[in-house]
Amino acid sequence: MQEFLFALTLSALPVVSNFMGAMIAEALPSSKQTLGLALHAAAGVLLAIASTELIPRVAIAKPVWAAILALFLGGAFFVWINQLLNLSKNRLRGVDHNTVSWVIFLSIAIDLFGDGLMIGTSLTIAPHLGVMLTSGRVVAHIPEGFVTNAEFKSQNMPRTQRFWLLAAFLIPVWLGATLGYWGLRGQTDLPKLIVLAFTTGTLMVAIVEEILPEAHQTQDTNLSTLTFIGSFALSMLFSSYLE
């Protein structure tokens with residue numbers, strides 16, 4: 001039970017960092033340069049985790065084709081969900097702001113459910129892997145929380161409602177962590193690696209199609225590039241000392 005409570009604690013940290021990003025948006029005016037640096041840092045951390053922690057583990061699965069197929073399906077799933085959300089946003093243009101806010105909330109909730117599933121599953125493989133994945137998602141959710149709360153503010157959503165929505169993000173992330181931990185605890189390595197490969201596919205597509213393009217739409221500078229490679233290098237260094 002202590003291990004499960006540890007899984008719940010770790011999986012809650014991305015929600016905490018999401019809230020921290022939201023509080024920054026609450027206290028400060030939006031800055032394209034600050035947001036760009038945050039997104040480049042998030043991309044660097046997540047890319048380091050995917051390339052040095054996740055993909056090498058997926059590649060040793062037996063049979064390897066099953067894990068590679070799961071990785072592809074994870075990326076395809078992200079594309080499908082993203083397409084549905086974009087269609088919903090397009091259809092809701094000009095509709096009541098509260099309805100649009102729920103679409104935004106749903107997209108973040110799906111993201112956090114995947115985080116919880118990945119963290120819960122990784123802890124059944126190796127505790128250090130769970131810590132590494134959590135650290136990456138913590139960094140990534142700070143700019144996400146910033147952007148989300150800024151969007152809610154632009155729709156004139158009351159502050160109390162915004163805070164309740166941010167707190168409600170604990171539900172999907174804990175649901176994902178519970179399914180990942182109890183569903184795969186005691187199983188052989190193959191189903192664990194298949195789930196990990198699926199979430200790796202979603203993570204890789206998110207980096208390439210969402211985080212980096214959004215980062216380049218902000219005030220892009222040489223400092224942004226240095227932030228990206230610096231966060232990548234620091235993540236590799238952190239990982240090497242955790243093992």
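**Close-ups of a predicted model**

**View 1. A nonpolar patch sits on the surface of this predicted model.** Six side chains make up the patch: Val64, Trp65, Ile68, Leu69, Phe72 and Leu73. Together they put about 630 Å² of accessible area on show. To get your bearings, look for Ile68 in helix 3, which runs over residues 64-91. As for the spacing of these residue numbers, an α-helix has 3.6 residues a turn, so residues three or four places apart point the same way.

**View 2. A cis peptide bond joins Lys62 and Pro63.** Omega comes out at about 0 degrees here. Pro63 belongs to the loop between helix 2 (32-59) and helix 3.

**View 3. Phe77 and Phe198 form a tilted aromatic pair.** The structure holds six aromatic pairs, and this is one of them. The ring centres are 5.6 Å apart and the planes meet at 45 degrees, so the pair counts as tilted, between the under 30 degrees of stacked and the over 60 of edge-to-face. Phe77 comes from helix 3 and Phe198 from helix 8, so the contact ties together parts that are 121 residues apart in sequence.

**View 4. Helix 8 bends at Ile207.** The bend is about 40 degrees. Helix 8 covers residues 189-216, 28 residues in total. What is its reach from first C-alpha to last? The span is 38 Å, close to the 40 Å expected at 1.5 Å a residue.

**View 5. Arg185 and Glu3 form a salt bridge.** A search of the whole structure turns up one such bridge. Its closest N and O atoms are 3.9 Å apart, against a cut-off of 4 Å. Arg185 sits in the loop between helix 7 and helix 8, while Glu3 is in helix 1 (residues 2-27), so the pair links distant parts of the chain, 182 residues apart.

**View 6. Confidence varies along the chain.** Mean pLDDT for the protein chain is 80, with 84% of residues at 70 or more. Helix 4 (residues 97-125) has the lowest mean, 72, and helix 7 (residues 170-184) the highest, 90.

Key:
Residues numbered from 1 in each chain as written. Heavy atoms only, no water. Helix = DSSP H or I, 4+ residues; strand = E, 2+ residues; numbered from the N terminus. Expected span 1.5 Å × (residues − 1). Bend = angle between axes of the 7 residues up to and from the residue. Patch = residues over 30% accessible without salt bridge, like charges linked within 9 Å, V, L, I, M, F, W, Y side chains within 5 Å. Areas by Shrake-Rupley, 256 points an atom, 1.4 Å probe, with all protein chains shown as cover. pLDDT = per-residue confidence, 0-100. Phe/Tyr/Trp six-rings, centres within 6.5 Å; stacked < 30°, edge-to-face > 60°.
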